[in-house]
Amino acid sequence: MQEQTPIGPVDATRVPRYAGPATFARLPRIDEVSRADVAVLGVPFDSGVSYRPGARFGPGHVRAGSKLLRSYNPALDATPFGTQQVADAGDIGVNPFDLGEAIETIDREVTTLRADGAQLLTIGGDHTIALPILRSLARDHGPVAVLHFDAHLDTWDTYFGAPYTHGTPFRRASEEGLIDVERSLHMGIRGPLYSKQDLEDDAVLGFQVIRSDDYEIDGVRSIVERMRRRLTGGPVYVSVDIDVLDPAHAPGTGTPEAGGLTSRELLNTLRGLVGLDVVGADIVEVSPPYDHAELTGIAAAHVGYELLSVLALNRTGG
Ligand SMILES: N=C(N)NCCCC(=O)O
Ligand SMILES: [Zn+2]
Ligand SMILES: [Zn+2]
């Protein structure tokens with residue numbers, strides 16, 4: 001129940017966008033609102049990457065890319081900042097030198113914010129961060145369906161013997177029973193694997209796969225239908241690795257793979273989540289040093305906007 005009208009973005013007709021606050025979509029900070037329905041939380045962390053670093057700078061870059069977002073989403077007939085209080089919770093102070101401690105810190109901070117009643121959209125960081133978020137969510141919800149947008153499976157076992165990396169979070173999550181193995185789904189998978197066995201292991205861990213090429217073959221509409229069939233019936237966590245987009249749409253990422261989705265395909269797929277029980281989401285692997293013309297930051301900001309629109313519609317029963 002919303003007690004008062006949400007505080008929205010700073011009015012861009014009075015304070016120019018380039019002058020306003022550095023929060024996501026120029027929204028209020030969390031300490032400026034009495035309570036938040038949704039908190040946008042930065043996770044500046046990239047100690048789990050296997051190739052190009054830089055996702056520690058992701059949160060600020062996604063916020064910078066969000067300055068031009070406006071209040072009304074015509075594609076969904078939604079006002080994501082008008083029917084729910086969205087606030088920017090700043091960045092977590094994550095230890096870059098101790099992966100175990102980093103994972104614990106993320107779990108703790110996410111759990112604290114959720115205990116205050118906020119749903120979470122996390123921005124930035126590498127894909128390692130999905131594991132502590134899923135640990136937190138599963139303590140409340142039990143195993144959740146994971147809708148995972150990515151070029152990569154991220155269900156590999158270890159890198160250099162290390163179990164906690166950005167290529168392994170969903171194997172750990174499945175082993176720990178955090179994932180609903182009947183309802184989870186990868187979207188946009190493509191590119192070379194280590195071996196054919198990777199796909200067989202992945203299926204055992206509980207994932208179905210919709211490949212990047214399936215967008216060409218089946219189209220967004222039919223993919224959304226299949227996605228909804230798989231996800232219906234319980235809580236859904238949405239994890240968006242920005243490298244699901246083609247490098248032409250999102251060059252600013254650490255492990256780019258050719259042949260990916262267009263941003264239009266991704267945004268339209270996310271719109272298909274209205275009515276499903278989305279309990280949280282992340283946008284990871286945005287690496288600004290490899291970005292050009294803010295392409296990746298802007299794409300990530302729009303991904304966040306569609307996810308917030310879905311949460312808004314779900315909250316109002318729209
Ligand atoms: N999660 C992302 N973005 N990438 C994982 C790639 C792991 C590898 O180097 O094989
Ligand atoms: Zn990933
Ligand atoms: Zn990836």
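In the predicted model, helix α7, which spans residues 263-271, has as its buried residues Ser263, Glu265, Leu266, Thr269 and Leu270. When the helix is viewed down its axis, these buried residues of α7 fall within an arc of 160°, and they therefore line one face of the helix. A general property of helices is relevant to this pattern: an α-helix has 3.6 residues a turn, so residues three or four places apart point the same way. The buried residues of α7 are covered by elements that include the strands β4 (145-149) and β5 (184-189), together with the helices α6 (212-231) and α8 (295-316).

Helix α8 also takes part in a packing arrangement with helix α1, the axes of the two helices coming within 7 Å and crossing at roughly 80°. With that angle, α1 is roughly perpendicular to α8. On the side of α1 the contact is made by His61, Val62, Ala64 and Gly65, while α8 contributes Gly297, Ile298, Ala300, Ala301 and Gly304. Sorted by class, the residues in this contact of α1 with α8 comprise five nonpolar and four polar residues, with no charged residues.

One of the residues in that contact, valine 62, is located in helix α1, which covers residues 58-65. Valine 62 has 27 other C-beta atoms within 10 Å, and because the cut-off for a buried residue is 20 or more such atoms, valine 62 is classed as buried. When its neighbours within four places in sequence are left aside, valine 62 is in contact with Gly297, Ala300, Ala301 and Gly304, and also with Ile123, Gly124, Ile283 and Val286. By contrast, the C-alpha atom of valine 62 is separated by 33 Å from that of aspartate 201, a residue 139 places away along the chain.

A further pair of helices can be described in the terms used for α1 and α8. Helix α2 (residues 99-115) and helix α3 (residues 130-141) have axes that come within 8 Å and cross at roughly 45°, and the two helices are therefore oblique to each other. The crossing in which α2 passes α3 is right-handed. In this contact, Ile103, Ile106, Asp107, Val110, Thr111 and Arg114 of α2 meet Leu131, Pro132, Ile133, Arg135 and Ser136 of α3. By class, the contact of α2 with α3 consists of six nonpolar, two polar and three charged residues, whereas the contact of α1 with α8 has no charged residues.

Terms used
Residues numbered from 1 in each chain as written. Chains lettered and ligands numbered in written order. Predicted model: local features only at pLDDT ≥ 70, side-chain atom pairs only at ≥ 80, totals over all residues. Buried ≥ 20, exposed ≤ 12 C-beta atoms within 10 Å, placed from the backbone. Helix = DSSP H or I, 4+ residues; strand = E, 2+ residues; numbered from the N terminus. Arc of directions from axis to C-beta. Contact = placed C-beta atoms within 7 Å. Axes fitted to C-alpha atoms, helices over the stretch in contact; angles between N-to-C directions. Parallel < 35°, antiparallel > 145°, perpendicular 65-115°, else oblique. Left-handed = near helix turned anticlockwise from the far one by under 90°. Nonpolar A, V, L, I, M, F, W, Y, C, P; charged D, E, K, R; others polar.
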